[in-house]
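Student: Please take a close look at the helix packing within one chain of this model, and then at how that chain meets its partner.

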Amino acid sequence: MLQGTLDMLILRTLLLGPAHGHAIAHAIERRSDDVLQVEHGSLYPALHRLVKQGLIAAREGTSENNRRAKYYSLTAKGRKKLAAEATKWERLTQAISGIMRPAEEEGGS
Amino acid sequence: MKFRRRREESLDNEIRDYIERETQENIEAGMPSEEARFAALRKLGPVLNIKEDTRAVWGWAWLESLAQDLRHGWRMLAKNPGFTLVAVLSLAIGIGANCATFSFADAILLRPLAVLRPSEVVTVGIPESLEGFSSLVASYRDYVDIRDQSKSFESLVAFSESSFGFAVQRDAPSQVRFGSLVSGNLFRVMGVEIELGRGFRPEEDQVPGRDAVVVLSHNLWERDFAADRTVLGRKVLINGVEFTVIGVAPERFTGLDPILRTDLYVPIMMWPRLTGDPKVNPLEARDRRSLTIKGRLKTGVTTSQARAELATIARNLERTYPETNRNREVEVRTELESRIRRSPPDAELTAMLSALSIAVLLAACANVASLLSSRAPVRAHEIALRLAIGAGRGRLIRQLLTESLLLALAGGAAGLAIGYAGIVFFRGIQIPTDLPVNFTFELDRRALLFSLIVALTSAVLFGLAPALQTTRADLISALRSTVSGIPGRRRMWGRNLLVAGQVATSLVLLTVATFIYRGFRHELAQGPGFRTDHLLMMSFNPSLVHYSESQAQQFFRRVAERARFTPGVRSAALAFSVPMSPTQDGATIVPEGYQFPAGRDSINVLADTVDENYFSTMAIQIVQGRGFLITDTARSPRVAVVNEELSKRYWPGQNPVGKRFRQDGRNGPWVEIVGVAKTTKYLWIAEPPTEFLYLPMSQHPQQRMTLLAESFGDASGLAEPLREVVRGLDANQPIYDIRTMEELYRMRAVNVPNMVIQPVAAMGMMGVLLAIVGLYGLVAYAAGRRTREIGIRMAIGAQRQAVLRMVMRQGLVLALCGIAVGLAASFGAERVLNAIFMATGIDIVTYLLVAPVLLAVTLLAAYIPARRASRVDPVRALRYE
């Protein structure tokens, strides 16, 4: 997995609203159609790093079935960061697909 | 710390939460519960790695908040410069005292030998003790047997240190140099890399007297050869024997003695040719025990195993050589142990200084803690506010501790200055000898590291309790008013005791310093009882250049004779030891008819061997009978002169002239007393009257003598002409310890008392300073606690003066208690000191000098916070009501 990709995916997931670790892991897995298979544990260092950078905030809360859990939510700074990263990512993927497409054609011929 | 634990718990909960949710989902998807849990764990990945990675993320956050704390702490300290200054000063005293003490202990006891892996080096040998001083020694044969029979040691080296006559070439004048006869393996075993040339070859350690090769110390090479690299192969003279220079030792290696610096190393096999006494072969004589053996234990061998093995060897030796090794144990000691046993007074002095400086540090820490607590009411408001808006207590404690750390580091930095002053003071200690004594008191890396550790420890000592106390504040009451109850009575008791104790201790130290000062002044005014001016001395040991006993005696006589006819010399005499010089001799005598107490059959007295001119040259008065005469010869009846004290003790109320004693014990020869000399000072200026015996040089030949020349003019002007005299008799004769009596007297009689007075006075001053800080902190603390009460009193009409008196009363009571206890202790100390100095009666002046001054400064310390308390604005004090 690309450096920083996981961070971006987390931010993207939290755009939809606060979530706890387990939910974030599954959301990422689902939304990427199970392509991005990661060990869910690697999520936690990333979450703590994002908290430290002030991109997301952590809060103790109560979940649907009255269980205490730690909820993460996007901060304003995180929102800005996500927007910037998304543009950058768009440009990168375009560039990569621009390079890769002719290669596929060559491989196919 | 608590903060970290909570965060740790939170992460655990988070992970547990994940596992539970995932397991639940898996069960809902139809997995059996056991399998569902495993699947969840698999999905999560390795838990330990996850935690480790997460902690790594925190690590930086922790550092970041430390930087924040440091900034905040710095701001707080800068905002209260008075408090900061006082706290830093107290800590500087505490840390500085420890820094200086460490440097002292390091120079005397602790500094490791400059060899490879010094902590492994142990000393092995036969214990030989003299009045509590015990060293491990061995003869060369002992060494060979122990080396060959033991299996516990990697290898054993042997060496013997002594003075040698050394000349850089055949016709150059001989100088006294301190050298070491060493076993050939010494440099190899100790891991000493020879700087220039080579060390000893194994074959140079085989044949007695064959390989005359020498390795010079770096120091000697620089001093006597100007660091000339062509020195290798040069011929030098050692005790008159020609040696070839083969190497120069590295600068950092100064020998295996912690105190004396070795100038040259020669193979132990050369011993027989270097010794002054041709009758004894030191490589064969089993009872010539002047070697030290050192080595390393084999890996895996414990000291107790080695000890057991050495005991077996000792019994073997005892069986084989009963006449020399009966009841001789063989022991092993670590380097530290061997240094302590070798000179217990040094270790005791070090321990005493350490205890004193630790006490000073603890008092300083207690004072700063008290100061910090006194600020607690002030800070409580700020702290409570921060707690209320959600700051964690752990974080706040950390912040307060960071402040303490800053204080401690500042105190440590200032303490280094004080410590350095102490080190400079220790460096001023002069030992009047030509031996290369190597007490290097240094503010080196070891001392710096030690001071840092002390500073960090003190930060915890003085910072933790106030930090805990301050952050425990009850939020509501702390926000409402600055008064949070009266502290426990016992707590205040402890502080009161501490402050009173400081006042008392500093009083004792100051009075003792004053007593000693006055005592020494008295002694110096009385004088030592012998001539201290217009005298030059120089010493000779002709056995270094192979003189026989009779040649040596003849040499001494001729030097004195020629000195007498040298221009500028009024008179000249010879003595084995000069009063107050570090070397002193003793004699064992049995006075005729004296009834000894049970268990004793002889007495040991200080003694000196002198010629017939000694008493007149030294201006020591003969009060009865006569001094020595030219007619007291080796063949005439044995005679002696006693001093008044010896006469008074063993022949009370009688004329001792004509009385007899046996010399050297019960079966020794009879000696007749022919005269009584006035009692003088013998060892140092403040000694009580001491018994002393003089023996004539003609009947008591010594290897070493000192020439004393009385001058008409400046005594030091005689040095050159007298050197010429000696050169005229024997150009190779080494001369050592050339100095004037004035110089010796200044070192031993004038400076030594200062060496005692100054540290005691300095400690006393530091004690006063600490007591002031302590009292100030205490009164400020108490006044702070009573701000509201004071406000009420003033609101209902109390006068400012009355408030001032009320607050000061506590300080006054403590100061008076401290002074009372201190005075009582000083009376005790004075009695002890009176026994040492002959000062009479109670020294009222000292008390009149010290006690009021101390009372005044302590009252001032109480006055400042009291004045502040009395200026309290009642409206402000009651604001929170």
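Tutor: What follows treats three helix pairs of chain B in turn and then the contact between the chains. The model is predicted.

Consider helix H5 and helix H9 of chain B, which span residues 140–149 and residues 303–320. Their axes lie 10 Å apart and form an angle of about 130°, which means that H5(B) is oblique to H9(B). The crossing of H5(B) and H9(B) is right-handed. On the side of H5(B), the residues making this contact are B:Asp142, B:Asp145, B:Ile146 and B:Gln149; H9(B) contributes B:Glu309, B:Leu310, B:Ile313, B:Asn316 and B:Leu317. Sorted by class, the contact of H5(B) with H9(B) has 4 nonpolar, 2 polar and 3 charged residues.

The second pair joins helix H4 (residues 81–110) of chain B to helix H22 (residues 741–785) of chain B. Here the axes come within 10 Å and cross at roughly 145°, and H4(B) passes H22(B) in a left-handed crossing. From H4(B), the contact draws on B:Val86, B:Leu89, B:Ser90 and B:Ile93, while B:Met766, B:Leu769, B:Leu770 and B:Val773 take part from H22(B). The contact of H4(B) with H22(B) has 7 nonpolar residues, 1 polar residue and no charged residues.

The third pair consists of helix H12 (residues 344–374) and helix H15 (residues 445–471), both of chain B. An angle of about 30° separates their directions, and their axes are 9 Å apart. The crossing of H12(B) with H15(B) is right-handed. In H12(B), the residues in contact are B:Leu361, B:Leu362, B:Cys365, B:Val368, B:Ala369, B:Leu372 and B:Ser373. Their counterparts in H15(B) are B:Val454, B:Ser458, B:Leu461, B:Phe462, B:Gly463, B:Pro466 and B:Gln469. By class, the contact of H12(B) with H15(B) comprises 10 nonpolar and 4 polar residues, with no charged residues.

Turning to the partner chain, the contact takes 20 residues from chain B and 23 residues from chain A. The area buried between chain B and chain A is about 1,900 Å², and carbon and sulfur atoms give 55% of that area. Between chain B and chain A the count is 2 salt bridges, whereas over all chains it comes to 38 salt bridges. The side chains of B:Lys43 and A:Glu29 meet in a salt bridge, with an N to O distance of 3.0 Å. A salt bridge also links the side chains of A:Lys70 and B:Glu14, at 3.8 Å from N to O. This pair crosses between chains: A:Lys70 lies in strand S3 (residues 68–74) of chain A, and B:Glu14 lies in helix H1 (residues 2–28) of chain B.

Notes
Residues numbered from 1 in each chain as written. Chains lettered and ligands numbered in written order. Predicted model: local features only at pLDDT ≥ 70, side-chain atom pairs only at ≥ 80, totals over all residues. Heavy atoms only, no water. Axes fitted to C-alpha atoms, helices over the stretch in contact; angles between N-to-C directions. Helix = DSSP H or I, 4+ residues; strand = E, 2+ residues; numbered from the N terminus. Parallel < 35°, antiparallel > 145°, perpendicular 65-115°, else oblique. Left-handed = near helix turned anticlockwise from the far one by under 90°. Contact = heavy atoms within 4.5 Å. Nonpolar A, V, L, I, M, F, W, Y, C, P; charged D, E, K, R; others polar. Buried area = accessible area lost by both parts, 1.4 Å probe. Salt bridge = Lys/Arg side-chain N within 4 Å of Asp/Glu carboxyl O.
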